[in-house]
Amino acid sequence: MENFTPTVYTLKCVATDHEFEDAGWTLEYKQCSEPSLVRTVYAKKQIEVKDDSYGLYKFCDWLPIGRMLKGSAAPVTYRSEGLARHIGLDNLFITLNGYCPERGAAMTTCSFKETEAYSVCGRAAAGEERILVVASAGNTARAFAKVCSENNIKLLLSVPADNLSAMWFEKPLAPCVKLIACDRGGDYFDAIRLSDMLLKSPRFYAEGGAKNVARRDGMGTTVLSAVTTIGRIPDYYFQGVGSGTGAIAAWEANMRLVEDGRFGSNMMRLMVSQNAPFVPMYDAWRADSRDMLPYAADKARRDAGIIDAKVLSNRKPPYSLRGGLYDALKATNGDVLTATNAQVRKAARLFEELEGVDIHPAAGVAVASLIKQVADGKIARDAYVMLNITGAGEKRFREEHDLVYLEPSHVFPLDADADKVVSTVESMFE
């Protein structure tokens, strides 16, 4: 790991197919006339997976990074026995992101957001003096906080006050990590709005969310883990979604694996699920609309407050833009499903009983949807199915560790003034 050579890649605009060099933190192709993602094009077409000592960076051939950071863990894929037998599937493979030592799963924030954080921060230059800004409903903030604290990277987190219970850690964080919150009653979209205000100052720079190729390619390691373990591309991919970025990443990884040539040529059907009643992407997909349908802010906040899987409450997902979730679903003959809180709780209990690890509600959404699809006869018994468990082992981790909580340095009202936000936060880093 000491002699790591930065990964060789270029960027390509999905809408125009224009290929160009990465200026270091390029999030979009400015000359494109319509909203579009950019994608990485790696020089290495066949991936060589490193050993487990590399953590997430065992997949570094297909990560747009200039350095490796300490403390990472990779997703772990194994063939299910308990759940597979119970629902009647012969080839169910579970990709576990979380904490389950006996399975080799070692993500101490218990969420697959670690795959994003280690990739994104590995893309950032070692000498970067500006402060990275990340808005989150909880899990992403926890992952970035861990990575930045352990690797001395300046970070400002913006989280809804109602989600502050997610800001737990196994040890106190370094002072380079600071947290602000939007007041109670606010949601993830309000946290994003707050973080956007800071970008008026040259001292801060945006992580970029779905537009950051490092975030998507980090998430894509779940599929790299599954395919290199199974030896072939699965027929189906199940995941709970808030933004859909993980599913877009799965599609992009799938295309690279087809180009690799050793794992088959099929496109996994993306079966993504939302937690009812917060289902804006489900509604748009059912209407066969590329554009998201109108969703009143007060209703969106109320629906977000009802669902168990709070991390799946993104009001402005990367659904409509070129290369976004709508295109991913169309390209893979995918579908958007829903699960109620009751179904999610039942599925999570069943998973823990049959697979021996507790899971986050967002993962429960995926499990519930898989159970229903199989019960409805939609999936053949011999189909190869990848179930992406995006968060697991938190209950156990909490029992085994004395946790500390990161408190916000400042809580801002929902109608906060931008100049006041910037001056207040800048002073936090003096």
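The crossing of helices α6 and α7 is right-handed, and that is where this tour of a predicted model begins.

**First stop: α6 against α7**

Select residues 221-230 for helix α6 and residues 245-260 for helix α7. Turn the view until you can see both axes: they come within 8 Å and cross at roughly 40°. An angle over 35 degrees but under 65 falls outside the parallel and perpendicular ranges, and α6 and α7 are therefore oblique to each other.

Now show the side chains where the two helices touch. On α6, pick V223, L224 and V227; on α7, pick A250, A253 and L257. What classes of residue make up the contact of α6 with α7? Six are nonpolar, with no polar and no charged residues among them.

**Second stop: α7 against α10**

Keep α7 selected and add residues 325-332, which form helix α10. The axes of α7 and α10 come within 9 Å and cross at roughly 45°, which makes α7 oblique to α10. Which hand does this crossing have? Here α7 passes α10 in a left-handed crossing.

For the contact itself, highlight A247, I248 and W251 on α7. Then move over to α10 and highlight L325, D327, A328, A331 and T332. Try colouring these residues by class: the contact of α7 with α10 divides into six nonpolar, one polar and one charged.

**Last look: α7 with both partners**

Finally, show all three helices together and follow α7. Its residues A250, A253 and L257 meet α6, while A247, I248 and W251 meet α10. Rotate once more to compare the crossings: right-handed for α6 with α7, left-handed for α7 with α10.

How values were computed: Residues numbered from 1 in each chain as written. Predicted model: local features only at pLDDT ≥ 70, side-chain atom pairs only at ≥ 80, totals over all residues. Heavy atoms only, no water. Axes fitted to C-alpha atoms, helices over the stretch in contact; angles between N-to-C directions. Helix = DSSP H or I, 4+ residues; strand = E, 2+ residues; numbered from the N terminus. Parallel < 35°, antiparallel > 145°, perpendicular 65-115°, else oblique. Left-handed = near helix turned anticlockwise from the far one by under 90°. Contact = heavy atoms within 4.5 Å. Nonpolar A, V, L, I, M, F, W, Y, C, P; charged D, E, K, R; others polar.
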